[in-house]
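Please explain how this protein is put together, beginning with a single turn and proceeding through the sheets to the ligand site.

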Amino acid sequence: MNYENILFQVTDGVAVITLNRPKAWNALCTRLNTELEDALLAAEQDPEVRVVILTGGDKVFAAGADLKEMAQATPMEAARTSALAQRINNFLEQMSVPVIAAVSGLALGGGCELALACDFRVVAEDAQFGLPEVGLGILPGAGGTQRLAALAGAARAFEMVLLGRRISGAAAAQAGLATCAVEPGQVMAAALEMAAALKKNPAYSMALAKRAIVSGQTLGAGAGKLMERELFALTFANPDQAEGMRAFAEKRRPSFQNLR
Ligand code: CAA
């Protein structure tokens, strides 16, 4: 697929996807979302890719769904828009590689929801997270009501969704919405540093550990624990389990194959 609204680059096992629609504050139009879905699938299918970083660049992460495209939508078209956004955000959770959102500037509406679906959020202290949908006569439709409440609690979700209150990157880190907040201008460097740290761990056990966490979040803790048990057993089918434990016994650094 020819990308017009995103940039996609893989370097040393790190796939960087940049939302790139600067004239519209990276608003998530259907075309952009279609390209994003295609790029995420390509990253998942590339065995060389170990980590994905999703960013909007230095100025803005994304100002939400494309309001011009959405304004005249029928209920059925709105359902399709929501389904595409939810499919992307669910896929981010289901990917076998960790995904880092590198957030500078505004992450509003669908942009905030996209960031919330990533595994890590490395954010600028002065970034702004907000869900202004209710004020527009709609509501967050990309899974945001659920992910926000799960990450930061229902009280925060009511505040941000019903009152439309924005939260800074620094406050988001304190509230558990962001993994860490860094100085503006340092976001991409911090995200790349995190990617380098993630790459040191073996791909398969990270993939299954991610699946166990996400299973608990989406299916409930009981099902999550059952999944955890099965996934734990499955790690013993991958050569990196034997290597990790042998390296420990032999007091040396492991040399992982990173098959996933
Ligand atoms: N959709 C479409 N176009 C958008 C947009 C969006 N979400 N956000 C900004 N733009 C466009 C503007 O229409 C404008 O285009 P033109 O030059 O053609 O007029 C251009 O980007 C620049 O925007 P502004 O002139 O508004 O610039 P500003 O500096 O005054 O404000 C802003 C920037 C704060 C991002 C403001 O544009 C804004 O509030 N945008 C909308 C944010 C929003 O409400 N997002 C939620 C969308 S709903 C959603 O996301 C639903 C869902 O969950 C699926």
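Does Asp-12 count as buried or exposed? The model is a predicted one. In it, Asp-12 has a relative accessibility of 64% and therefore counts as exposed, since the cut-off for that class is over 50%. The residue is located in the loop between strand 1 and strand 2. These two strands form a hairpin with two residues between them, and Asp-12 belongs to the turn. Its phi is positive, about 50°, although Asp-12 is not a glycine. Most residues other than glycine have a negative phi.

The hairpin leads into a sheet. Strand 1 and strand 2 (residues 14-19) pair in the antiparallel sense, over six bridges. Within this pairing, Val-10 has Ala-15 in strand 2 as its bridge partner. Strands of a sheet pair through backbone hydrogen bonds, in either the parallel or the antiparallel sense. The sheet to which the hairpin belongs is open and has six strands, in the order 1-2-3-5-7-10, with mixed pairing. Its edges are strand 1 (6-11) and strand 10 (180-182); each has a single partner strand, so one side of each is left without a neighbour in the sheet. On average, neighbouring strands of this sheet are turned by 20° against each other, direction ignored.

Further into the strand order stands strand 3, which is joined to strand 2 by five bridges, the two running parallel. Val-16 has Ile-53 in strand 3 as its bridge partner. Strand 3 (residues 51-55) is also joined to strand 5 (residues 99-103), here by four bridges and again in parallel. In that pairing Leu-54 stands opposite Ala-101 of strand 5. How many of the five residues of strand 3 are buried? Five of the five are, so strand 3 is largely enclosed by the rest of the structure. Val-51, Ile-53 and Thr-55 point one way from the strand, while Val-52 and Leu-54 point the other way, and all are buried.

Another buried residue is found in the loop between helix 3 (75-94) and strand 5, namely Ser-96. Its relative accessibility is 14%, and the cut-off for buried is under 20%, so Ser-96 falls in that class. The side chain of Ser-96 makes a polar contact with the side chain of Glu-44, at 2.9 Å. The Ser-96 side chain also makes a polar contact with that of Arg-260, at 3.0 Å.

A further open sheet has four strands, in the order 4-6-8-9, and its pairing is mixed. Strand 4 (60-62) and strand 9 (167-168) are its edge strands; each has a single partner strand, so one side of each is left without a neighbour in the sheet. Strand 8 (residues 128-130) and strand 9 run antiparallel and are joined by two bridges. Gln-128 stands opposite Ser-168 in strand 9.

Strand 6 of this order leads to the ligand. Strand 6 (106-108), helix 2 (67-70) and helix 4 (110-116) each supply at least two residues of the shell around the ligand. In total, 21 residues surround the ligand, the closest being Ala-65, Leu-67, Gly-110, Glu-113 and Glu-133. By class, the shell is made up of 12 nonpolar, four polar and five charged residues.

Which atoms of Leu-67 and Gly-110 lie at short listed distances from the ligand? In Leu-67, a backbone N or O atom lies 2.8 Å from a nitrogen atom of the ligand. In Gly-110, a backbone N or O atom lies 2.7 Å from an oxygen atom of the ligand. The protein covers 63% of the 990 Å² of accessible area that the ligand has on its own.

Trp-25 approaches the ligand through its side chain: a polar side-chain atom lies 3.5 Å from a ligand oxygen atom. This residue is found in the loop between strand 2 and helix 1 (30-45). Its relative accessibility is 38%, and Trp-25 therefore counts as partly exposed. As with Asp-12, the phi of Trp-25 is positive, near 55°, in a residue other than glycine.

Conventions. Residues numbered from 1 in each chain as written. Predicted model: local features only at pLDDT ≥ 70, side-chain atom pairs only at ≥ 80, totals over all residues. Heavy atoms only, no water. Near = heavy atom within 4 Å. Polar contact = N/O pair within 3.5 Å; in protein donor to acceptor, adjacent residues only side chain to side chain. Areas by Shrake-Rupley, 256 points an atom, 1.4 Å probe, with all protein chains shown as cover. Nonpolar A, V, L, I, M, F, W, Y, C, P; charged D, E, K, R; others polar. Pairing = 2+ DSSP bridges. Axes fitted to C-alpha atoms, helices over the stretch in contact; angles between N-to-C directions. Buried < 20%, exposed > 50% of the residue type's maximum accessible area, 1.4 Å probe, protein only.
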